[in-house]
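Take a moment to turn this protein around on your screen. We'll start with its aromatic rings and then zoom out to the whole chain.

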Amino acid sequence: AVVVFLAFAGPATAREFATLHPLQGIVEVRQGQAGFRPGTDGLVVRAGDVVRTGEDGRARITYFDGSETRLDFNTTFRLVELASLPDTPSGKIIEAEQDGGRTFQRVREITDSESRLDVGSPTAVASVRGTLYSWWVRPDTTTVLWVLPDEEPGASVVAMILQDGTEVEVSEGH
């Protein structure tokens, strides 16, 4: 049985987690199949969990690598995958989906080709290599990406991948 398992096993990844920090107002979390309940400071959230903020709510999610997502008012944000890559020092995969609202991302630098931090919306995906950006999914599902200045002025770029597969590089200030 061990031989069969080893023959069909894929590359291993360590499952990681993130920590929720409500900042103000209504912040709710749905973990697994359970219903929404109030989010508490320091609550561990994992892949599959959904965080949503109310009309007066704001929250911060801190990932295992030190990257952060800040959720603005009326935002729904689902963690899809949180994993570290065992064969790649500092390698990570952080993937999320945002159905509505606005988030601000502070992404730790990614130094290898296998790592990624992606946030999807109904119309596009933002894929980053370490920068600050704002991601806003409007009520009509159009998506607005704004790349913000960080420690290395002029160096920030976010790849925005549209539904048809077209990739657009958005530079700092745009």
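In this predicted model, there is one aromatic pair. The partners are Y133 and W135: their planes sit at 85° to each other, with the ring centres 6.5 Å apart, so the pair is edge-to-face. Are these two residues buried or exposed? Y133 has 0% relative accessibility, so it counts as buried. W135 also comes out at 0%, and therefore counts as buried too.

Rings can have charged company as well. Here are the cases where the charged end of an arginine sits over a ring:

| Charged residue | Ring residue | Distance from charged end to ring centre |
|---|---|---|
| R52 | F36 | 3.6 Å |
| R102 | W136 | 5.4 Å |

Now for the strands. Look for β15, residues 157–162, and β16, residues 167–171: they pair in the antiparallel sense, with five bridges between them. Within this pairing, M160 of β15 stands opposite V168 in β16. Four residues lie between the two strands of this hairpin, and G165 takes a positive phi near 95° there.

Time to zoom out. How many helices and strands does the protein chain have? You should find one helix and 16 strands. The chain runs to 174 residues, and 42% of them are buried. Take the contacts with a separation of 6 or more: 46% of them join residues that are 24 or more positions apart. As for the outside, the chain exposes about 9500 Å², and 53% of that comes from carbon and sulfur atoms.

Conventions: Residues numbered from 1 in each chain as written. Predicted model: local features only at pLDDT ≥ 70, side-chain atom pairs only at ≥ 80, totals over all residues. Heavy atoms only, no water. Pairing = 2+ DSSP bridges. Buried < 20%, exposed > 50% of the residue type's maximum accessible area, 1.4 Å probe, protein only. Contact = heavy atoms within 4.5 Å. Areas by Shrake-Rupley, 256 points an atom, 1.4 Å probe, with all protein chains shown as cover. Phe/Tyr/Trp six-rings, centres within 6.5 Å; stacked < 30°, edge-to-face > 60°. Lys NZ or Arg CZ within 6 Å of the ring centre and 35° of its normal.
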